[in-house]
Amino acid sequence: MKKIITISREFGASGGTIGLAVASRLGYEYYDKEIILQAARDSNLDVESFQKWDEKVPMNFGFAQSLFDFYNKPLNEKLFMAQKKVIRRIGEKGNCVIVGRNANSILREYDNALHVFIHATAYSRILHMKEKMPDATESQIIERMKAVDRMRKKYCAYYTDTVFGMADYYDLCLSSSTLGVDTCVDIICQLAQQ
C-alpha cells in the first residue's frame, strides 16, 4: 500500500479537489498551502513573505552568495529549503496526500509513494475556474491560468531540475477533463491500495 501520494497539477485541473477526496477516502492527512505556514513557523520567518514567494523562482539569485549559508540566502531560497524539510517530515510520517510544492521530486526516493500529475483541457480548466472565480472575466481567468502554469514550470525547473508535467517524473498522469474528478479519485485510491 502506498503511504504517500503527491499530486502535481495544472492550474484549474481540479488537482486540489482530487487530492482532498483521495485523502478523505483513504483516511490520510491532506497538505497543500499549510506546508508553507508550517515551514515559516519552523524557520521563524514572516508568513506573509513566505506566501508571496510560494512556488516562485528568485528574480535575482545572488551568485556571490554561499549556497551553504541559509541565513544569507534570498527569502525564496529559504522558503524552498524549509518547505523541503517539512515535506520530508510529512513523508516520513506517511499516510498523506501532498498537493504541489514539488513534493514528487522531494520524495522521489521513497518506495511507498505514488506521484500523480493532473491535467485537463484549457476549456475544462476555464469552466472550473469560473466557478471558483465568479467575478473574473474569461480573459482574466485565461491570463491567470497561463501565469500560474508558467510560474510552476519555472519553479519546478529551478529547484528540482525536472520538467513540470512531463510523464517521466510521475507514476501516473490523469486528465480530469476526460476521466472526471470521481474517476481520477477512484484510480488513485485503487493504485494506492495495491
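Let me start with a word I'll use a lot: a residue is called buried when its relative accessible area is under 20%. Hello everyone, and please keep in mind that what we are looking at today is a predicted model.

With that cut-off in hand, let's visit Arg 125. You'll find Arg 125 in helix 6, which covers residues 122–132. Its relative accessible area is 7%, so Arg 125 counts as buried. And who surrounds it? Leaving out residues up to four places away in sequence, Arg 125 touches Glu 10, Phe 11, Gly 12, Ala 13, Ala 120, Met 145 and Asp 149. One distance to go with that: from the C-alpha atom of Arg 125 to that of Ile 141 is 9.2 Å, and these two residues are 16 apart along the chain.

Now let's step back to the whole protein. It has nine helices and five strands. If you read along the sequence, the pattern goes β-α-β-α-α-α-β-α-β-α-α-β-α-α. Of the 194 residues, 46% are buried. The protein exposes about 10300 Å², and 51% of that comes from carbon and sulfur atoms. As for contacts between residues at least 6 apart in sequence, 69% of them join residues at least 24 apart.

On to the sheet. In what order do the five strands line up? The order is 2-3-1-4-5, in an open sheet with parallel pairing. At the edges sit strand 2, residues 29–31, and strand 5, each of which pairs on one side only. On average, neighbouring strands here are turned by 20 degrees against each other, ignoring direction. In general, strands of a sheet pair through backbone hydrogen bonds, and they can do so in a parallel or an antiparallel way.

Let's look at one of those edges. Strand 2 runs parallel to strand 3, residues 96–99, and three bridges join the two. If you'd like a spot to click on, Glu 29 stands opposite Cys 96 in strand 3.

At the other edge, strand 5 spans residues 172–175 and includes Ser 175. Is Ser 175 buried or exposed? Ser 175 is buried, because its relative accessible area is 12%, and the cut-off is 20%. Its side chain makes a polar contact with the side chain of Ser 177, at 3.1 Å. Again setting aside residues up to four places away in sequence, Ser 175 touches His 119, Ala 120, Gly 180 and Cys 184. You may recall Ala 120 from earlier, as Arg 125 touches it too.

Our next stop is Thr 162, in the loop between helix 7, residues 138–160, and strand 5. With a relative accessible area of 8%, this loop residue is buried as well. The side chain of Thr 162 makes a polar contact with the side chain of Thr 160, at 2.6 Å. Beyond residues up to four places away in sequence, Thr 162 touches Ser 105, Arg 108, Cys 156, Ala 157 and Tyr 169.

Cys 156 brings me to the cysteines. At 2% relative accessibility, Cys 156 is buried. Cys 189 is also at 2%, so Cys 189 counts as buried too. How many disulfides are there in the whole structure? The search finds zero. For anyone who'd like a reminder, a disulfide is a covalent bond between the sulfur atoms of two cysteines.

That's the tour, so thanks for listening!

Technical notes
Residues are numbered from 1 along each chain as its sequence is written. This is a predicted model: local features need pLDDT of at least 70, side-chain atom pairs count only at pLDDT 80 or more; totals for chains, interfaces and linings use all residues. Side-chain values use heavy atoms; hydrogens and water are left out. A disulfide is a pair of cysteine sulfur atoms within 2.5 Å. Buried means under 20% relative accessible area, exposed over 50%, partly exposed in between (1.4 Å probe, protein chains only). Helices (H or I, at least four residues) and strands (E, at least two) are DSSP runs, numbered from the N terminus. A polar contact is a pair of N or O atoms within 3.5 Å; within protein, one must be able to donate a hydrogen and the other to accept it, and residues adjacent in sequence count only if both atoms are side-chain atoms. Contact means heavy atoms within 4.5 Å. Two strands pair if DSSP finds at least two bridges between them. Axes are lines fitted to C-alpha atoms, for helices over the stretch in contact, and angles run from 0 to 180 degrees between N-to-C directions. Accessible areas come from the Shrake-Rupley method with a 1.4 Å probe; for residues, only the protein chains shown count as cover.
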